[in-house]
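Open your viewer and keep the selection tool at hand. This is a guided tour, stop by stop.

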Amino acid sequence: QPARAVDVVEEESGAPGEEQRRWEEARLGAASLKFGARDATPQEPEYQLVLEEEETIEFVRATQLQGDEEPSAPPVPNQAQQKESIQAVRRSLPVFPFREELLAAIANHQVLIIEGETGSGKTTQIPQYLFEEGYTKKSMKIACTQPRRVAAMSVAARVAREMGVKLGNEVGYSIRFEDCTSERTVLRYMTDGMLLREFLSEPDLASYRVVMVDEAHERTLHTDILFGLIKDVARFRPELKVLVASATLDTARFSTFFDDAPVFRIPGRRFPVDIFYTKAPEADYLEACVVSVLQIHVTQPPGDILVFLTGQEEIEAACEMLQDRCRRLGSKIRELLVLPIYANLPSDMQARIFQPTPPGARKVVVATNIAETSLTIEGIIYVLDPGFCKQKSYNPRTGMESLTVTPCSKASANQRAGRAGRVAAGKCFRLYTAWAYQHELEETTVPEIQRTSLGNVVLLLKSLGIHDLMHFDFLDPPPYETLLLALEQLYALGALNHLGELTTSGRKMAELPVDPMLSKMILASEKYSCSEEILTVAAMLSVNNSIFYRPKDKVVHADNARVNFFLPGGDHLVLLNVYTQWAESGYSSQWCYENFVQFRSMRRARDVREQLEGLLERVEVGLSSCQGDYIRVRKAITAGYFYHTARLTRSGYRTVKQQQTVFIHPNSSLFEEQPRWLLYHELVLTTKEFMRQVLEIESSWLLEVAPHYYKAKELEDPHAKKMPKKTGKTREELG
Ligand code: CDP
Ligand code: MG
């Protein structure tokens, strides 16, 4: 039996005409998706193997990403590099030869834009250079912002190791609900959102000597807002140094924004990367990923693989599938280490992706687009790119925010491909056709500020005394309607008065590091005397749908365990129930194991809960318990989420105000109940607009908690025989 298929067609890409022909071919290829060329012989006899049931995917090479280095350069052996002293590794980074020049430029300019290929040492080295140069004298701090929590944590850990200090002493990180810093911490890696919150306590950032806005090209909402605020602070604090660091994208824009600040380029060091496309579109990219990884593993020379997927669930699924197949293939294939990386992964697991691959084995890292520019993993030679990412989008007309899996941009695709060329000439396999790349991908990703709701940020800016939002110095302004809607929502939540000024309640809401609706819910728990329960609900909602787990071999047990937590009323009460029982078990991990609950998520919820509890006094909410009267808890939730309501109509659920069609998520405890009125925590658009975390409510509550927002008439229920009584009852319940 001949070994299976090497369908990777290696051909030189020729003249432009040739390329054109390939695209055409790729498009025509759609009609003839080719599976498993069973008669092909492998190019690498060393990897002989029979992947009997596996199908293969056919790729064509179309283009090459130019490198700065000769393709013949040998790969840097991973292990050898690890053996070298950490200082030698530092000296080997592309930024190192420019250390003095860079420090001089920083000394001479207040604002400097720094551009450099991922992995050149911007994030880990530049703050250290500044530290060595004495910028942190007199306990002045250096902030380095990261759009992602994982990046902030992992980079801080790395720098602490390089400096030979304990994480949390001189070097630390600060992310929402997790502060690993101390009085001594002068190098502070933090999420961009955390630096934004620093403005609340220190509007001029007086304790900071340098602010480095890193990964600026990501253009997250918080980074964009930081730009405006920092530019303003820099004007009246001439001694403050501002660094804007970015991968090789968009730097001219940043320079213009910061009054033509100079751009410092760290020359790249990248080997060429051959880009392959599939001949035909792949219907199931997850399956295609798994097949392709194995295909690369058995046909390609040594080198680790990096796969880009869109989120935790997908990554876990892919890892499971891969491990499963490797197990089945057993000793027929070489060892393949499958390692996931995503935001909620515990740090010990995260650290594993940086460990060198044992000789003879191959590592495959399955990542979200965190690995696009924020993290550099040594030894990657192959990149597998399905071409998708999870993106938030927002419709200001309906006020609906959704998270959807969308095709990534060309800029993103090229960043991903570039990851393959860091240590040697690499290969990038795109699970889409060259035609799709050319015609279906946007050039760049739209900045987050233009596709998200702005409630949070507007509340923060208002608390900083910035009233005229229309004229705030935005790098790219948000859509006018989005800004307007944010103001309207904050008004409805009682955070702003009719003049658009911050109210006392709004000031309290800004104190809490959560979304305005969640803050409002916490504040409302005072009135309904159920802050204990509401804190738990808030903490559980913050840990993000990862409470239950469902191992493939115990699906029935897991589902039963989940159903056992159901309480009438809905998912928020289920979350409350899970937490309460866990607390009663003495926060036991064994209990979690027996009940198919994720211990990690629970531990995190407990942390979040403790922190929120610590803030209650600041917002003048006392601790109180509903004593089993869950109506009070549900009303407090409604007081925060009256914006997110839906009612059952003859044609299914419609949102109350906008009349959008929505569906209860199949995982919800109310999926079969189908209550008439409900509120939802969030909408997630996958195959449909799904409401996640739903709670049954009564329409009369809406008039009770938001009389300025709802009119009795729009809550009339054509199906109900009687209208719920509004008067009397409401007053009674209010006490
Ligand atoms: O910021 P930039 O992409 O320019 O580079 P960096 O993150 O400072 O990475 C410089 C070097 O540190 C790379 O070779 C990384 O592999 C290494 N690094 C690491 O080993 N572990 C981390 N957690 C972060 C970086
Ligand atoms: Mg970096």
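How many bridges join strand S3 to S10, and in what sense do the two strands run? Select S3, residues 111-116, together with S10. Four bridges join the pair, and the strands run parallel. The model is predicted, so every stop shows computed geometry.

**Stop 1: S10 and S3**

Zoom in on S10, residues 263-266. Show the side chains of Phe-264 and Ile-266: they make up the covered face. Now add Val-263 and Arg-265, which form the uncovered face. In a regular strand, side chains alternate between the two faces of the sheet. To find a point of register, pick Ile-114, which stands opposite Phe-264 in S10.

**Stop 2: S9, on to S8**

Stay with S3 and add S9. These two strands also pair in the parallel sense, over five bridges. Val-111 has Val-242 of S9 as its bridge partner.

Select S9 by itself, residues 241-246. Is S9 mostly covered or uncovered? Mostly covered: six of its six residues are buried. Lys-241, Leu-243 and Ala-245 point one way. Val-242, Val-244 and Ser-246 point the other way. Both sets are buried.

Next, bring in S8, residues 208-213. Four bridges join S8 to S9, again in parallel. Val-213 stands opposite Val-244 in S9.

**Stop 3: His-109**

Step back to the loop between helix H4 (99-108) and S3, and select His-109 there. Why does His-109 count as partly exposed? Because its relative accessibility is 33%, and the partly exposed class runs between 20% and 50%. Now draw a C-alpha to C-alpha distance from His-109 to Lys-241. The two residues are 132 apart in sequence but 7.8 Å apart in space.

**Stop 4: S5 and its partners**

Select S5, residues 171-175. Five of its five residues are buried, so the rest of the structure largely encloses S5. Val-171, Tyr-173 and Ile-175 point one way, while Gly-172 and Ser-174 point the other.

Which strands pair with S5? One is S7, residues 187-191, in the parallel sense over four bridges. In that pairing, Tyr-173 stands opposite Tyr-189. The other partner here is S6, residues 178-180, in the antiparallel sense over three bridges. Ile-175 stands opposite Glu-178 in S6.

Look at the turn between S5 and S6. The two strands form a hairpin with two residues between them. Phe-177 sits in that turn and has a positive phi of about 65°.

**Stop 5: helix H10**

Select H10, residues 285-299. From first C-alpha to last, H10 reaches 20 Å, close to the 21 Å expected at 1.5 Å a residue. H10 is mostly covered, with 14 of its 15 residues buried. Show Asp-284 at the start of the helix. A side-chain oxygen of Asp-284 reaches to within 3.1 Å of the backbone nitrogen of Leu-286.

**Stop 6: helix H6**

Move to H6, residues 149-163. Its end C-alpha atoms are 21 Å apart, which agrees with the 21 Å that its 15 residues should span at 1.5 Å a residue. Eleven of those 15 residues are buried, so H6 is largely enclosed by the rest of the structure. Among the buried residues are Met-153, Val-159, Glu-162 and Met-163. Just past the helix, select Gly-164, which has a positive phi near 70°.

**Stop 7: ligand 1**

Finish at ligand 1, and display the 15 residues around it. Which residues come nearest? Gly-119, Lys-122, Thr-123, Thr-124 and Glu-378 do. By class, the shell divides into two nonpolar, eight polar and five charged residues.

Add distance labels for three contacts with oxygen atoms of the ligand:

- A polar backbone atom of Gly-119 is 2.6 Å from a ligand oxygen.
- A polar side-chain atom of Arg-158 lies 3.1 Å from a ligand oxygen.
- A backbone N or O atom of Thr-376 lies 3.3 Å from a ligand oxygen.

Taken alone, ligand 1 exposes 530 Å², and the protein buries 95% of that. Now color the shell by element. Helices H5 (122-132) and H6 each give two or more residues to it. H5 provides the largest share, three residues.

Key
Residues numbered from 1 in each chain as written. Chains lettered and ligands numbered in written order. Predicted model: local features only at pLDDT ≥ 70, side-chain atom pairs only at ≥ 80, totals over all residues. Heavy atoms only, no water. Near = heavy atom within 4 Å. Polar contact = N/O pair within 3.5 Å; in protein donor to acceptor, adjacent residues only side chain to side chain. Areas by Shrake-Rupley, 256 points an atom, 1.4 Å probe, with all protein chains shown as cover. Nonpolar A, V, L, I, M, F, W, Y, C, P; charged D, E, K, R; others polar. Buried < 20%, exposed > 50% of the residue type's maximum accessible area, 1.4 Å probe, protein only. Pairing = 2+ DSSP bridges. Expected span 1.5 Å × (residues − 1).
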